[in-house]
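Please report on the cysteines of this protein and then on its overall fold, with the criteria behind each value.

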Amino acid sequence: MKKKDSLYFEKQTSETPFRFNKKVTEVFDDMIERSVPGYGITISMLGIIAAKYSQADSYCYDLGCSLGASTLSMRRNIKQPGCSIVSVDNSKPMIEKCQERIAADYSKVPVELVCADILDVPIKKASIVMLNFTLQFIAPEKRESLLKKIFEGMLPGGVLILSEKVSFEEKKAEALNVELHHTFKKAQGYSEMEISRKRTALENVLIPETVAIHRQRLKNAGFQTSTVWFQCFNFMSIAAVK
Ligand code: GEK
């Protein structure tokens, strides 16, 4: 049973700035589903992408794995021999709970769980790298070197999935998408107060950029091909191929 996210309902119980601590870990499934429009579709499509792009004797990385939703979607769909998954998160409570989920899952693809900063983790022989709503938490000035490291560690034909909350250059488009996202959150049962407190807590923690900035940075890192394969309001996912 999923525990309901009411962290920002009572002011004193929530942290500002936002952190991926034990309290967040406990309600994370509910929080992400009710906060990120299209999250469920994104996760299931990661499985389709994994089935297509995993290569024999390679590594598949899930960077910022949280409770392992992307890891499990990949794991259940990898069909190549000798593939293993490396899932990284720097939140200890997330990694601990993720470990329990992996252990309880039926799939046999090996998973190594690493509690570390993704900036410090080496990437090698990668056919798939998932950054599913993680780059947005990395300081903007560190993003390009991280993507370069990922590109260097990837095999030809490998895919990087970059899912992010995004901003829009055009003011009206920004306002429209922010409004639609808030309407979505209200429809999911969050109050105006909870939405507003969470927004404050995420300021300077989650830093969105435009799709154009992301695609240019991917190009700078070496990815010649990238495409937005999914978008719902101000949340989208890019596939970039080496
Ligand atoms: C999913 N991918 O369910 N190093 C390692 N982990 C980090 C770092 C870092 N520098 N910064 C943040 N994280 C998941 C959802 S959540 C997205 C990803 C969200 C971790 C952080 O601890 C958290 O678990 C995750 O990245 C981001 O498909 O909550 O919006």
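The sulfur of Cys65 has its closest cysteine sulfur in Cys98, at 4.3 Å, which is too far for a bond, given that a disulfide is counted as a pair of cysteine sulfur atoms within 2.5 Å. Cys115 in turn has its closest cysteine sulfur in Cys65, at 8.9 Å, again too far for a bond, and the structure holds zero disulfides. The model is a predicted one, in which local features need pLDDT of at least 70 and side-chain atom pairs count only at pLDDT 80 or more, whereas totals for chains, interfaces and linings use all residues. Residues are numbered from 1 along each chain as its sequence is written, and side-chain values use heavy atoms, with hydrogens and water left out.

The table gives the exposure of two cysteines, where buried means under 20% relative accessible area, exposed over 50%, and partly exposed in between (1.4 Å probe, protein chains only).

| Residue | Relative accessible area | Class |
|---|---|---|
| Cys65 | 4% | buried |
| Cys115 | 43% | partly exposed |

Of the 242 residues in the protein, 50% are buried. The radius of gyration, taken over C-alpha atoms, is 17 Å, close to the 18 Å that the globule rule (2.2 Å times the number of residues to the power 0.38) gives for 242 residues, so the protein is as compact as a globular protein of that length. The C-alpha trace spans about 50 × 40 × 30 Å along its principal axes. Among contacts (heavy atoms within 4.5 Å) with a separation of 6 or more, 78% join residues 24 or more positions apart.
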